[in-house]
Amino acid sequence: MAGSSRAPTPAVRAATPGDAVGDLVPAQVAEPSDTEELSLVLAEAAREGSTVAVRGGGTAQDWGPAPRALDLLVDTGKLSWIDHDPGDLVVEAGAGTPVAELYTHLAGKGQRLSYDPVRAGGTIGGAVATGASGPRRLLHGALRDLVIGMTVVRPDGVQARSGGRVVKNVAGYDLAKLHTGGYGTLGAIASVAFRLQPEPPALRLVEAEYGSRAEAEQALAAVRESTVVPSAVEVSAGPDSALCLQVVVEGTHDGLRPRTEQAAQALGAHARVLGELPSQWGHRPSEGPLAWLSLPPAESVEAAARLGRRVRVGGCAPRGALHLSWPQGTPLEEIASVLEEARARPEWSVQLVRAHPEPVPAVDRWGRIPGLPLMRAVKDAFDPDHRFAPGRGTGGI
Ligand SMILES: Cc1cc2nc3c(=O)[nH]c(=O)nc-3n(C[C@H](O)[C@H](O)[C@H](O)COP(=O)(O)OP(=O)(O)OC[C@H]3O[C@@H](n4cnc5c(N)ncnc54)[C@H](O)[C@@H]3O)c2cc1C
């Protein structure tokens with residue numbers, strides 16, 4: 001965009017080393033203050049043929065490979081606003097709105113986005129673009145299920161709206177789903193509308209540790225057969241920690257009593273009950289290599305017990321959505337070997353999300369990706385010149 005004879009695009013400044021994404025320092029940073037400005041910035045980038053990446057809070061810029069090229073970084077910090085309709089249990093927020101700020105706003109009205117606490121500093125756009133979901137996905141759905149509408153600006157600068165602000169509103173293709181977990185490879189998210197839930201008045205966490213996989217599997221089966229209706233059922237294990245199940249139940253104080261008792265019975269004699277979530281509940285380690293593992297739910301405990309001897313494993317057992325995390329500095333060979341062990345099971349799919357240093361070619365970051373040709377065709381349709389975060393998407397798209 002530098003050197004253009006056109007009128008200067010609004011809100012663009014020279015980049016500094018602090019704006020680097022991986023090893024790439026962009027030439028310029030755009031800080032649009034509304035969707036119109038975002039459109040102007042991206043239309044100009046399209047005319048110039050500039051490569052583009054989007055930054056929200058910058059807490060997950062190291063998720064996925066760094067883009068292959070970067071001329072313009074679009075910072076969404078000024079796209080921060082909240083439009084809440086408590087009566088309809090929906091909220092729309094600008095992409096740059098900090099998730100924590102949205103949570104505080106909703107809590108003041110007795111409502112919540114059931115997405116789970118996230119690392120301080122993350123924005124709505126970043127949360128949706130990374131598509132990660134927390135423990136409460138079990139009852140309320142993954143983040144993508146909570147999205148009911150989205151405004152995006154396409155790589156050519158054209159604004160597109162998908163869905164809306166009523167809960168049942170999708171006719172035709174649900175394009176918002178493509179941008180959820182898209183890592184900003186198909187366009188820039190300008191705002192997102194979500195469905196909400198009332199904040200339950202009370203919560204209990206029931207947890208137990210197990211000496212054997214069989215005991216834990218039995219306990220999980222008992223929870224699933226019960227009428228506990230948990231909000232979350234997390235399994236965890238690691239080289240320094242026991243195989244553990246945690247069940248979260250939420251509701252009214254009176255209603256919780258029998259459900260908590262049932263959950264404790266299902267988890268077994270050593271179950272203990274806590275009145276609140278431990279700090280860092282649901283957090284993924286913010287440093288060190290990180291991988292997502294998805295597998296048939298019935299095999300979650302087996303995966304935690306087996307891989308937990310070598311790597312920290314955690315996640316939503318009844319959904320088969322787990323994550324693996326290693327301490328910073330773990331040799332890449334060890335990570336590759338764990339990935340191989342998981343991939344030896346044809347129905348287990350594992351992708352390395354974050355690694356420092358970047359994996360050498362010997363480490364297969366993605367494994368087998370069903371539907372990759374279709375994903376490539378989607379990228380070609382949305383971003384024909386592959387200017388948006390080239391290389392960052394699944395399979396290096
Ligand atoms: C339950 C749970 C717990 C978590 N715990 C942790 C934790 O402990 N530590 C941790 O590091 N992370 C954690 N995360 C992930 C955390 O949600 C992300 O770090 C955060 O949401 C990313 O937001 P950000 O604004 O910092 O994004 P950025 O880091 O700025 O961007 C992340 C990616 O999204 C893209 N992007 C950002 N905004 C947009 C947009 N408007 N349009 C298009 N693409 C965009 C970027 O290009 C980049 O690819 C957790 C997630 C969940 C669900």
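Why is helix H9 (residues 300-307) largely enclosed by the rest of the structure? In this predicted model, seven of the eight residues of helix H9 are buried, so the helix is largely enclosed by what surrounds it. The buried residues of H9 are Ser300, Val301, Glu302, Ala303, Ala304, Ala305 and Leu307, where buried means under 20% relative accessible area.

A similar argument can be made for a strand. Seven of the nine residues of strand S12 (residues 202-210) are buried, so S12, too, is largely enclosed by the rest of the structure. Strand S12 is joined by nine bridges to strand S14 (residues 241-251), the two running antiparallel, and by three bridges to strand S15 (residues 272-274), again in an antiparallel arrangement. The table sets out these pairings, with one residue pair for each.

| Strand paired with S12 | Bridges | Direction | Residue pair |
|---|---|---|---|
| S14 (residues 241-251) | nine bridges | antiparallel | Val206 and Val247 |
| S15 (residues 272-274) | three bridges | antiparallel | Leu205 and Leu274 |

The remaining topic is internal space. A search of the whole structure finds one cavity of 30 Å³ or more, and the largest cavity holds about 30 Å³ of space. Its lining is formed by Val99, Leu113, Tyr115, Ile124, Ala127, Val128, Leu143 and Phe194, and by class these comprise eight nonpolar residues, with no polar and no charged residues. Helix H3 (residues 124-130) gives the most to the lining of this largest cavity, contributing three residues.

Note on methods. Residues are numbered from 1 along each chain as its sequence is written. This is a predicted model: local features need pLDDT of at least 70, side-chain atom pairs count only at pLDDT 80 or more; totals for chains, interfaces and linings use all residues. Side-chain values use heavy atoms; hydrogens and water are left out. Buried means under 20% relative accessible area, exposed over 50%, partly exposed in between (1.4 Å probe, protein chains only). Helices (H or I, at least four residues) and strands (E, at least two) are DSSP runs, numbered from the N terminus. Two strands pair if DSSP finds at least two bridges between them. On a 1 Å grid over the protein atoms alone, a cavity is a set of points where a 1.4 Å probe fits but cannot get out, and a pocket is an open set with protein on both sides within 12 Å along at least five of seven lines; lining residues have an atom within 4 Å of a point. Grid points are joined across faces, edges and corners, and a volume is the space filled by probe spheres set on the points. Ala, Val, Leu, Ile, Met, Phe, Trp, Tyr, Cys and Pro count as nonpolar, Asp, Glu, Lys and Arg as charged, and the others, Gly among them, as polar.
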